[in-house]
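Ready for some practice in reading a protein model? Keep the structure open beside you and try each task before you look at its solution.

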Amino acid sequence: MRKIVIDATKKGGTINKNIYGHFSEHLGRCIYEGIFVGKDSNIPNVNGMRKDVVDALRHIKVPVLRWPGGCFADEYHWMDGIGPQEGRKTVVNTHWGGVVEDNSFGTHEFMELCAQIGCAPFISGNVGSGTVREMSEWVEYMTFDGVSPMADLRREHGREEPWDVPYFGIGNETWGCGGNMNVEYYAGVYRHYQTYVREYGDKKIAKIACGPNEGDYHWTEVMMTACHCPTGPVGFCNVRMDGLSLHYYTSPGKEAGRGSARTFGRDKYFHTMEVALHMDELVTKHSEIMERFDPDKQVGLIVDEWGTWFDVEEGTNPGFLYQQNTMRDALVAATTLNIFNKHCQRVSMANIAQTVNVLQAVILTQEEEMLLTPTYHVFDMYKGHQDATLLESTVEAETIGTAEYAVPDLHLSTSQSADGSILMTLANLSLDTAQDMNCQVDGQAVHSVSARILTEAVDACNEFHAKDRVRPQAFTDIAVKNGAIQFSIPPCAVMEVKINA
Ligand code: AHR
């Protein structure tokens with residue numbers, strides 16, 4: 001019997017709902033086909049947005065959506081994507097497959113999408129190939145309420161009221177596709193560009209700087225030194241950095257060696273999980289650096305790209321990054337979200353890459369068909385953590401894996417909602433061993449418990465001819481005995497356990 005202890009008296013801060021955020025780029029079939037089909041499509045849509053996809057995203061309560069990239073953002077010129085459709089510029093999406101980008105999905109369409117989903121927009125500005133003026137005018141176009149050339153242009157294009165843009169990214173991967181800058185150079189660029197991301201009236205915009213690639217701790221150190229000006233009696237400073245981004249993908253191998261998303265052996269599975277769990281070390285170490293400069297936690301760590309990255313599905317465009325999604329992906333999502341929950345004092349947002357048809361997508365589409373991936377179901381099972389209070393919880397775990405790759409078998413996080421109910425999300429990474437669990441809750445009486453489970457073979461996925469192979473099921477073999485919760489978690493499983501006090 002393995003022991004779980006939840007201490008309801010030890011609160012670890014609020015789990016920002018934005019940790020459950022998403023990222024959608026003009027890449028492959030994510031925006032076009034996956035989300036936006038146009039008003040004249042036979043696929044049921046509202047103002048061009050797929051109804052099935054929007055409904056599914058509303059269901060998991062997507063809190064924030066990052067757009068238009070990714071690498072695409074640093075080649076995106078927003079003025080190409082406004083105004084009458086027939087007048088919009090056709091350009092080449094040079095980064096992603098060299099395909100035609102007709103700009104039919106632009107700022108107005110993105111804002112409409114966010115309104116339909118009920119989420120906040122997070123715009124990624126162009127630093128790599130754009131000017132300070134272009135960025136500043138985009139902000140003016142979207143958020144200024146008065147009379148100005150950009151606000152008037154927005155009205156001319158049919159939108160009277162300004163939008164809220166609560167999050168604005170100043171460049172994407174400026175260490176790579178966003179300009180190949182070193183951090184000493186980018187820190188100056190950031191200070192410069194952010195000056196002109198104006199906040200009009202009472203519109204607040206969190207300015208998010210491009211942060212490190214994976215374990216580049218020097219990047220974090222320099223950005224915190226050069227761009228974080230603590231408010232208070234230390235002096236006057238006109239630079240603001242509300243967030244520093246971190247990108248980290250789970251890939252068991254690089255380039256062609258990443259392996260198939262759906263056909264893999266035990267070794268590749270444990271390799272993937274080991275690489276996924278490395279997120280904990282990255283977040284811990286970047287947070288430690290940030291803490292030295294910012295003990296008041298004014299700067300959030302924003303993991304605005306994360307997820308699995310495998311080889312593309314056979315026969316698909318290599319530039320489209322289309323991959324299937326199995327129980328392995330569900331376990332990566334479950335453990336990663338547990339990690340973010342536990343680091344909620346510093347991690348204020350995370351955005352899985354990417355929402356539809358790209359990398360670790362929560363939704364796949366095929367013309368008018370849509371399916372929900374195992375990763376989608378994890379977001380559904382974890383949505384109760386959004387804005388809840390982290391509780392201290394521990395699980396007795398043992399190390400499992402292969403001679404080369406080692407991971408803990410059990411992984412969890414726990415939170416408490418405003419109504420007092422407790423949500424525990426637990427994953428069993430073992431491929432063959434069930435575990436009998438005894439869960440004790442300190443500081444609170446347990447009255448009743450209910451649970452759901454996602455479990456299948458590790459390479460099981462949903463396909464268009466079998467859309468519901470992997471889906472959560474009610475889990476009833478769980479009971480409260482002598483004040484403790486007892487159940488057995490099968491191998492390769494994710495559980496959502498709701499404890500009512
Ligand atoms: O998500 C795919 C790509 O990965 C993004 O465009 C880029 O920012 C990252 O390298």
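**Exercise 1: Unusual backbone spots**

Gln-354 sits in the loop between strand S13 (347-353) and strand S14 (363-366); strands here are DSSP runs of E with at least two residues, and helices are runs of H or I with at least four, numbered from the N terminus. This is a predicted model, in which local features need pLDDT of at least 70 and side-chain atom pairs count only at pLDDT 80 or more, while totals for chains, interfaces and linings use all residues. Residues are numbered from 1 along each chain as its sequence is written, and side-chain values use heavy atoms, with hydrogens and water left out.

Task: find which peptide bond leading to Gln-354 is cis, then look at Gly-70 and Asn-482.

Solution, step by step:

1. Start with what is usual: most peptide bonds are trans, and most residues other than glycine have a negative phi.
2. The bond from Ala-353 to Gln-354 is cis, with omega near -10°.
3. Another cis bond runs from Gly-69 to Gly-70, with omega near 20°. Gly-70 belongs to the loop between strand S5 (64-67) and strand S6 (91-93).
4. Asn-482 is not a glycine, yet its phi is positive, near 50°. You will find Asn-482 in the loop between strand S24 (478-481) and strand S25 (484-489).
5. Asn-482 has 84% relative accessibility and counts as exposed (exposed is over 50%, buried under 20%, partly exposed in between, with a 1.4 Å probe and protein chains only).

**Exercise 2: Around the ligand**

Task: work out which side chains have an N or O atom paired with a ligand oxygen, and how much of the ligand the protein covers.

Solution, step by step:

1. List the neighbours: 13 residues surround the ligand, and the closest include Glu-25, Cys-71 and Tyr-249 (near means a heavy atom within 4 Å).
2. Look for polar contacts (pairs of N or O atoms within 3.5 Å). A side-chain N or O atom of Glu-173 is 2.8 Å from a ligand oxygen.
3. For Gln-354, the corresponding distance to a ligand oxygen is 3.0 Å, and for Asn-172 it is 3.1 Å.
4. Now the cover: on its own the ligand has 280 Å² of accessible area, and the protein covers 93% of that (Shrake-Rupley method, 1.4 Å probe).

**Exercise 3: Inside the protein**

Task: how many residues does the largest nonpolar core have?

Solution, step by step:

1. The largest core has 123 residues (a nonpolar core joins buried Ala, Val, Leu, Ile, Met, Phe, Trp, Tyr and Cys residues through side-chain atoms within 4.5 Å).
2. Its largest share, 10 residues, comes from helix H7 (residues 266-293).
3. A second, separate core has 26 residues, among them Leu-391 and Phe-487.

Note on methods:
A polar contact is a pair of N or O atoms within 3.5 Å; within protein, one must be able to donate a hydrogen and the other to accept it, and residues adjacent in sequence count only if both atoms are side-chain atoms.
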